[in-house]
Amino acid sequence: MNGSTPYLPRWKEAEESIRGDGQLRGTLRLGLSSSFALRAVVPTMTNFLAGHPELRVEYMLDDMRQNLTASAVDVSVRFGPLADSTAVTRKLGTTPRVIVASPSYLAQLGTPQEPDDLNRHRIIIGPMTTGQSWSFRRGGQVVSVRFEGTVTTTFNEAATGSAVAGIGITCLSLAGCQREINAGELVRLLPDWDMGSIEINALFPAGRSAKPAAKAYIEYLRGQVGQFGIG
């Protein structure tokens, strides 16, 4: 859901946020990528709302980075480097970059044993790929592999789905494919090579106090993310 929602007046925000009984009320606007929302937020929201039945939640989904002020987001979850130097941040964890392929693809074209083997494979370029190369580290050895993509997408779920469909090998965050690995739909490749990790942070807009609902939800979310490949 995109678009801007005007800020409530401060007195109304305070009235709606929390009352003496400890119950959260009002509207909590979460700025999320669609993939993180589908994989980590939506599946775990039921228990949070069960404790706060008068709270309303808006998922403000955007695979591009939102302007927290313009979009009236109460808290946003972002992967990777942070550009909002004035925002208040809370680290949720990190998730490794991994490369994966489907069992059907590997049965057809073989399983790469070393990074250089990837030159003989079909590559899906997704959001976790910078340029047209992947870098691998093992001990003191660093190997970079350049390639041309068979499929290119800026949408994580499209990269994951393309790999599951057997189109090729792709690079994802572990959080973006843990479910498929657990289900046997994808296989992690070259597990003894390190591709680095991605930091995940919650961002609260600068210039105003964080809503009690936003702070409470992020504390709740920190306790849930481990099951999605976030440590």
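Here Ala, Val, Leu, Ile, Met, Phe, Trp, Tyr, Cys and Pro count as nonpolar, Asp, Glu, Lys and Arg as charged, and the others, Gly among them, as polar. The model is predicted. It holds 2 cavities of 30 Å³ or more and 13 salt bridges. Asp74 and Lys211 appear under both topics: they help line the second largest cavity, and they pair with one another in a salt bridge.

**Second largest cavity**
- The volume is about 30 Å³.
- Asp74, Pro205, Arg208, Ser209, Ala210 and Lys211 form the lining.
- By class, that lining has 3 charged, 2 nonpolar and 1 polar residues.

**Lys211 and Asp74**
- The closest N and O atoms of this salt bridge are 3.1 Å apart.
- The pair links distant parts of the chain, 137 residues apart: Lys211 lies in the loop between strand E11 and helix H7, Asp74 in the loop between strands E2 and E3.
- Lys211 is buried, because its relative accessible area is 7% and the cut-off is under 20%.
- Asp74 is buried too, at 2%.
- Arg29 and Glu58 join Asp74 and Lys211 in a network of salt bridges.

**Glu157 and Arg39**
- Their side chains meet in a salt bridge at 2.7 Å, N to O.
- Glu157 sits in helix H5 and Arg39 in helix H2, 118 residues apart.
- Glu157 counts as buried at 18% relative accessibility, and Arg39 counts as buried at 4%.

**Arg138 and Asp192**
- Arg138 forms a salt bridge with Asp192, with the closest N and O atoms 2.9 Å apart.
- Arg138 is in strand E6, and Asp192 is in the loop between strands E10 and E11, 54 residues apart.
- Arg138 counts as partly exposed at 31% relative accessibility, as does Asp192 at 46%.

Methods:
Residues are numbered from 1 along each chain as its sequence is written. This is a predicted model: local features need pLDDT of at least 70, side-chain atom pairs count only at pLDDT 80 or more; totals for chains, interfaces and linings use all residues. Side-chain values use heavy atoms; hydrogens and water are left out. On a 1 Å grid over the protein atoms alone, a cavity is a set of points where a 1.4 Å probe fits but cannot get out, and a pocket is an open set with protein on both sides within 12 Å along at least five of seven lines; lining residues have an atom within 4 Å of a point. Grid points are joined across faces, edges and corners, and a volume is the space filled by probe spheres set on the points. A salt bridge is a side-chain nitrogen of Lys or Arg within 4 Å of a carboxyl oxygen of Asp or Glu. Helices (H or I, at least four residues) and strands (E, at least two) are DSSP runs, numbered from the N terminus. Buried means under 20% relative accessible area, exposed over 50%, partly exposed in between (1.4 Å probe, protein chains only).
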